[in-house]
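Please work through the exercises below with the sequence and the coordinates open beside you. Each one sets a task and then gives a solution in steps.

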Amino acid sequence: MSLRPANLLRAATLALLAGFLLWPQRFAPLFAPLTQYGAPPIYDQGDLLQLTLAHLATVCIAAVASTLVAVGLGIFVTRPSGAEFLPLSRALVNVGQTFPPVAVLAVAVPMVGFGEKPTLIALFAYGLLPIFENTMVGLQTCNRELLEAASGMGMSARQRLLGVELPIAMPLILEGVRLSLVINIGTATIGSTVAAKGLGEVIIAGLLSNNTAFILQGGLVTGLMAVLLYDAVGMLERRICKSAHPA
Amino acid sequence: MIKVENLRKRYGASTVVDDVTMTVERGRFAVIVGTSGSGKSTLLRMINRLVEPDAGRVLIDGKDTRDEPAHLLRRRIGYAIQGHGLFPHRTVAENIATVPHLLGWSEARIRPRIEELLHAFQLDPAGYAHKFPHQLSGGQQQRVGVARALAAEPAVLLMDEPFGALDPIIRGKAQDDLLAIQRRFGTTIVLVTHDMDEAFRLGDRVAVMSHGRMLQYDRPAALLTRPADPLVARMTGIADRALRLLSLTGAGELATPGAADGPEIPAAASLRDALSELLWRGASAGRVMREDGTVQGQLTIAAIIAHGKPA
């Protein structure tokens, strides 16, 4: 890590977020002008750090599940044996994206109850599309010449997939994961409507008590997290793929 | 030794390879030449079973290629294609080590092999082993592609237009390198090309294909002097066939020992080049020089002209 402007900005953003979550009261003077009638300027109905971690955990669990399913499906439909399932898989994944997460919550709550579960389901469905599409494009655009060379040298189908196709598709797959994560960091706030622990709680509390400071805090923490996560996956991506895809 | 027996392949209504039989002796260099769509690539790909034949069989050293799983068969057969097909996410060394890894060679055996190959292809291991393919020039990528195909010491090497993407000067160099490598490792090579000059330059035996049929499979000189089919004569070139014939013989083979004068001609030069040199100098004879700088003998224009007439 060098001291380039990008790294400085990264460190500053991270420090700001960590500082706010660890010592929120120190930021009280900043938010005080947004409150009326002596309302608390900093969210006081729960620990902000814990809410943030719970929020992050929900998003990450959903992302791991979406990634496993979407990548698996993407691999399956690009094999000769799975090619005929391509339209069906595409339709299913598209439905997951077009169906609003709020509606998924409404459907899921009667089946699995309140709490984290319906939120996980909604985020999982919502996050599938970008990963699936990118996996598929990544695998399909793998140079025919390369695949022929791999087969010609005696790689089995499995060795070819693991040794050639996936590594070459990896930048695109990670790009899909990154997109999916960022979308879901924001989307996860709606989980609080069904009693999932998360930053939505802060926003909803602000809306109910007409406290702009709360709304802003929930929104800012969510936003900073999204930016940092986007950046982190991007760094990971560059690290893994710098050789395969020269700039 | 590769024996191809009555191979046939159809795609729908069209027969791409039609009853082809050919034998490539151990250590020989066979070139299959034909226009695009002649079935030459399909024929090549049936040897390592990238394409499964509809009829006929392929024997390598007497063993039917269908006796083992296709991917295991292919690990024993080198395969190089146009545009090299190097893995962009692996270094030069890792690319070359592909088949040895698949075969489970130990690192202690792979490392010296990579160095040996890089040296053989005039790539300094220290400078190139850890480069990625995109950091190499086209000619270097192609050399690494051939080195990779030879990595596991295959007895048989199949090449599909390996030099097609190279410019003429680099291609000539690559062809010379390949001949040197073949002599060094004694590999049996089957190479597919549409370039007749390349076929004559490289092949001990040249097969001419058209519309799925093998019109003739013979020594290069025989294709010129005794074409089995008018199409063979047309494809090998009627206007310059005498010169092509001269290009198949080295100056050293025709030199007569004894006193010699006139311009110097390297023994390794073809008669065609020797004739050109003598015409250019306005000389009727030249001195054939061995590589070590000693005089091998005399070569006269008359002798060259006599050789350019089919026996």
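The exercises that follow concern a predicted model, and they treat aromatic pairs, charges over rings, a helix packing and backbone angles in turn.

**Exercise 1. Classify the ring pair A:Phe20 and A:Phe31, and state whether each of the two residues is buried or exposed.**

Solution. Begin with the geometry: the ring centres of A:Phe20 and A:Phe31 are 5.8 Å apart, and the angle between the planes is 50°. Rings pair if their centres lie within 6.5 Å, and planes under 30 degrees apart count as stacked while those over 60 count as edge-to-face; the pair of A:Phe20 and A:Phe31 is therefore tilted. Next, place the partners along chain A: A:Phe20 belongs to helix H1 (residues 5-22) and A:Phe31 to helix H2 (residues 28-31), so that the pair links distant parts of the chain, 11 residues apart. For the accessibility, the cut-off for buried is under 20% relative accessible area. A:Phe20 has 7% and is buried, and A:Phe31, with 9%, is buried as well. Finally, widen the view: A:Phe20, A:Phe27 and A:Phe31 form one aromatic cluster, and the count over all chains comes to 4 aromatic pairs.

**Exercise 2. Classify the pair A:Phe76 and A:Phe85, and determine how accessible each of these residues is.**

Solution. The ring centres of A:Phe76 and A:Phe85 are 5.4 Å apart with their planes at 35°, so this pair is tilted. As to accessibility, A:Phe76 has a relative value of 34% and counts as partly exposed, and A:Phe85, at 36%, counts as partly exposed too.

**Exercise 3. Find which rings the charged ends of B:Lys131 and B:Arg244 sit over.**

Solution. Take the lysine to start with: the charged end of B:Lys131 sits over the ring of B:Tyr128, at 4.9 Å from its centre. For the arginine, the ring is that of B:Phe200, with the charged end of B:Arg244 placed 5.1 Å from the ring centre.

**Exercise 4. Describe how H3(A) and H8(A) pack, giving the angle, the handedness and the classes of residue in contact.**

Solution. In chain A, helix H3 (residues 48-78) and helix H8 (residues 157-187) pack at an angle of about 145°, and their axes are 10 Å apart. The crossing of H3(A) and H8(A) is right-handed. On the H3(A) side the contact residues include A:His55, A:Leu56, A:Val59 and A:Ala63, and on the H8(A) side they include A:Leu161, A:Leu166, A:Ile173 and A:Asn184. Sorted by class, the contact between H3(A) and H8(A) has 11 nonpolar, 3 polar and no charged residues.

**Exercise 5. Locate B:Glu153, B:Glu161 and B:Arg49, and report the phi angle of each.**

Solution. As background, most residues other than glycine have a negative phi. B:Glu153, in the loop between helix H7 (138-150) and strand E7 (156-160) of chain B, has a positive phi of about 50° although it is not a glycine; at 48% relative accessible area, B:Glu153 is partly exposed. B:Glu161 lies in the loop between E7 and helix H8 (168-185) of chain B and has a positive phi of about 45°, but at 12% relative accessibility B:Glu161 counts as buried. B:Arg49 comes just after H1(B) and takes a positive phi of about 65°. The helix that precedes B:Arg49, H1 (residues 40-47) of chain B, is mostly covered, with 6 of its 8 residues buried, among them B:Leu43, B:Leu44 and B:Ile47.

Terms used:
Residues numbered from 1 in each chain as written. Chains lettered and ligands numbered in written order. Predicted model: local features only at pLDDT ≥ 70, side-chain atom pairs only at ≥ 80, totals over all residues. Heavy atoms only, no water. Helix = DSSP H or I, 4+ residues; strand = E, 2+ residues; numbered from the N terminus. Buried < 20%, exposed > 50% of the residue type's maximum accessible area, 1.4 Å probe, protein only. Phe/Tyr/Trp six-rings, centres within 6.5 Å; stacked < 30°, edge-to-face > 60°. Lys NZ or Arg CZ within 6 Å of the ring centre and 35° of its normal. Axes fitted to C-alpha atoms, helices over the stretch in contact; angles between N-to-C directions. Left-handed = near helix turned anticlockwise from the far one by under 90°. Contact = heavy atoms within 4.5 Å. Nonpolar A, V, L, I, M, F, W, Y, C, P; charged D, E, K, R; others polar.
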